[in-house]
Structure formats: C-alpha cells, structure tokens
Amino acid sequence: MENKIKYFRSTKNITQEQLAKLTSCTRQTINSIEKNRYSPSLNLAYKIAEVLEVGIDEVFIYKNKD
C-alpha cells in the first residue's frame, strides 16, 4: 500500500515525531509507513488521516500486487 503521509505532513508542518504522538505510535512506525515498509492497522490509518484532516483514501493508495 502506498501513501502520501509525507506530503500531507509537510502541508501541515507536522514532523514525524508530532504525528506519532498525535496517533499514539512511535516515530519509527510513521517512518516505516512513509517508506512503505509497513502497512498500518486500519485503526492507525484512520487516526493518521484524521490528524492530517484528509480522507483515508487520499492518504493511502491500495495497489493489488497480484
């Protein structure tokens, strides 16, 4: 799953650390999600979208790799 977290973070001037605190996870988790090394739980994905004030479908792009 690809994402635009870094883009939306930059538009809000939010650091990875700040986003992590606002979503109750670690900066390392945010970093891994941004680099597409980790797919977040649905709950965390919604929290991220809510903090960034965008729809979840704007932040996360599902691409089937079959």
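How exposed is lysine 12, in terms of relative accessibility? The notes below take up this residue and its surroundings in what is a predicted model.

1. Lysine 12 has a relative accessibility of 35% and therefore counts as partly exposed, since that class lies between the buried limit of 20% and the exposed limit of 50%. Its side chain meets that of glutamate 53 in a salt bridge, with an N to O distance of 2.6 Å. This pair joins distant parts of the chain, lysine 12 belonging to helix α1 and glutamate 53 to the loop between α4 and α5, 41 residues apart. Glutamate 53 is exposed, its relative accessible area being 60%.

2. In total the structure contains 3 salt bridges. Another of them pairs arginine 9 with glutamate 34 at 2.5 Å, N to O. Here too distant parts of the chain are linked: arginine 9 lies in helix α1 and glutamate 34 in helix α3, 25 residues apart. Both of these residues are buried.

3. A further salt bridge connects glutamate 2 and lysine 63, whose closest N and O atoms are 3.7 Å apart. Glutamate 2 sits in strand β1 and lysine 63 in the segment after β2, a separation of 61 residues. Glutamate 2 is partly exposed at 36% relative accessibility, and lysine 63 is likewise partly exposed, at 46% relative accessible area.

4. Helix α1 has a buried side, made up of Ile5, Phe8 and Arg9. These residues lie on the same side of α1 because they cover an arc of only 105 degrees around the axis. In general, an α-helix has 3.6 residues a turn, so residues three or four places apart point the same way. The face turned away from the buried side carries the exposed residues Lys6 and Tyr7. Among the elements that cover the buried residues of α1 are β1, α2, α3, α4, α5 and β2. Just after α1, asparagine 13 adopts a positive phi of about 55 degrees.

5. The largest nonpolar core comprises 15 residues, and those with the most contacts inside it are Ile5, Leu19, Ile33, Ile48, Leu52, Val59 and Phe60. Two or more residues come from each of α1, α2, α3 and α4. Helix α4 supplies the largest share, 5 residues.

6. Within this core, isoleucine 33 merits separate mention. Leaving aside residues up to four places away in sequence, isoleucine 33 touches Asn3, Ile5, Tyr38, Pro40, Leu44, Ile48 and Phe60. Of these partners, Ile5 is also one of the buried residues of α1.

Note on methods
Residues numbered from 1 in each chain as written. Predicted model: local features only at pLDDT ≥ 70, side-chain atom pairs only at ≥ 80, totals over all residues. Heavy atoms only, no water. Core = buried A, V, L, I, M, F, W, Y, C linked by side-chain atoms within 4.5 Å. Buried < 20%, exposed > 50% of the residue type's maximum accessible area, 1.4 Å probe, protein only. Helix = DSSP H or I, 4+ residues; strand = E, 2+ residues; numbered from the N terminus. Contact = heavy atoms within 4.5 Å. Arc of directions from axis to C-beta. Salt bridge = Lys/Arg side-chain N within 4 Å of Asp/Glu carboxyl O.
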